[in-house]
Amino acid sequence: MNAVSAFGDRWVAVSGASSGIGRGIALQLVAQGARVALIGRNVERLHETAELAGPAERTRVCPIDLAELNGIAPAVRALAEQTGRLYGLCHAAGLAQTLPLAATRPDRVRTLMDINFQAGLELARALCERAVLREDGGSVLWISSVYAHVGAPGQIAYCATKGAVAAAVRAMALELAPRRVRVNCVSPGLVKTAMTASAGSRMTAEQWSRIEALHPLGAGSVQDVARAASFLLDPFNAWVTGADLVIDGGYSLQ
Ligand SMILES: NC(=O)c1ccc[n+]([C@@H]2O[C@H](COP(=O)([O-])OP(=O)(O)OC[C@H]3O[C@@H](n4cnc5c(N)ncnc54)[C@H](OP(=O)(O)O)[C@@H]3O)[C@@H](O)[C@H]2O)c1
């Protein structure tokens with residue numbers, strides 16, 4: 001345990017650890033003393049995250065394709081058999097796709113919902129199995145989005161997936177409190193990552209700067225989100241549950 005953190009070697013599984021926000025959270029958690037299971041599909045980039053994190057015993061690369069929903073719980077059980085019981089989960093894996101109403105199709109919406117919501121639910125369900133979760137409780141963190149709170153053209157499906165996350169967090173926090181499992185989410189605004197670079201590559205420089213300018217404090221960094229995530233996951237903050245921490249540089253205040 002250090003002065004600002006109580007992870008004390010506890011294991012936290014982080015999905016999306018191969019890139020962007022998930023990688024930033026994994027690195028922050030290791031810096032705070034946690035041990036981190038790195039979940040993603042791209043094994044090479046998961047190993048890069050492990051190398052950036054430092055000592056090999058602080059991380060474990062755990063390749064899982066979250067689109068295979070039925071494979072998630074067995075993979076988490078197998079992980080816990082190797083590491084010992086887990087304390088926490090951060091579901092940072094996610095997909096974004098601009099889909100105006102005319103372009104929405106059941107399969108496209110399902111793909112977004114599967115990764116952004118259902119996969120997180122499967123991860124949380126597996127974490128909470130008695131053989132997987134530490135007996136003294138745990139902490140679940142979802143990465144939602146400011147789009148759970150405000151709308152944007154072309155983002156009907158993405159907003160719906162993040163709205164589902166925000167609503168589920170409140171219900172899960174109540175259901176799991178008797179087991180000392182806290183459940184929270186963060187709702188970031190624009191953060192520069194592979195996801196936003198890919199969206200940005202389809203925009204003109206002018207369109208991109210217009211979106212950035214909507215954030216009074218400018219675009220956020222991965223570290224801005226990682227610090228908030230680590231606060232919510234940390235066992236020190238044992239009375240924080242059901243929170244939805246909007247970190248968007250003031251975007252949603254207007
Ligand atoms: N960037 C922003 O401005 C922003 C704002 C608000 C909310 N968010 C949310 O923050 C989260 C992270 O976004 P990001 O910007 O960091 O995106 P990113 O850099 O594109 O990373 C997305 C991550 O999701 C993982 N992933 C996607 N599909 C997967 C699958 N089928 N199985 C396993 N892993 C999968 C990717 O792993 P592989 O590469 O290994 O497949 C990758 O690690 C998302 O939930 C996003 O909605 C982002």
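Biologist: How many bridges join S1 to strand S4 (residues 88-91)?

Modeller: This is a predicted model, where local features need pLDDT of at least 70, side-chain atom pairs need 80 or more, and totals for chains, interfaces and linings use all residues. Residues are numbered from 1 along each chain, and side-chain values use heavy atoms, without hydrogens or water. S1 and S4 are DSSP runs (strands E, at least two residues; helices H or I, at least four). They run parallel, and the bridges joining them number 4.

Biologist: Which residue of S2 is the bridge partner of Val14?

Modeller: S1 and S2 (residues 35-40) pair (at least two DSSP bridges). The sense is parallel, over 5 bridges. In S4, Val14 has Cys90 as its partner. In S2, the partner is Leu38.

Biologist: Which residues point one way from S1, and which the other way?

Modeller: S1 (residues 11-15) is mostly covered, with 5 of 5 residues buried (under 20% relative accessible area, 1.4 Å probe, protein chains only). In a regular strand, side chains alternate between the two faces of the sheet. Here Trp11, Ala13 and Ser15 point one way, and the other way point Val12 and Val14.

Biologist: How far is an oxygen atom of the ligand from an N or O atom in the side chain of Tyr158?

Modeller: 31 residues surround the ligand (a heavy atom within 4 Å). Tyr158 is among the closest. For Lys162, a side-chain N or O atom is 2.9 Å from a ligand oxygen. For the side chain of Tyr158, the value is 2.5 Å.

Biologist: Which helix gives the largest share of the shell around the ligand?

Modeller: Helices H1 (20-31), H5 (156-176) and H6 (194-200) each give two or more residues. The largest share is 3 residues, and it comes from H6.

Definitions and conventions. Buried means under 20% relative accessible area, exposed over 50%, partly exposed in between (1.4 Å probe, protein chains only). A crossover is right-handed if, with the strands pointing away from the viewer, the path from the first strand over the helix to the second runs clockwise. A polar contact is a pair of N or O atoms within 3.5 Å; within protein, one must be able to donate a hydrogen and the other to accept it, and residues adjacent in sequence count only if both atoms are side-chain atoms.
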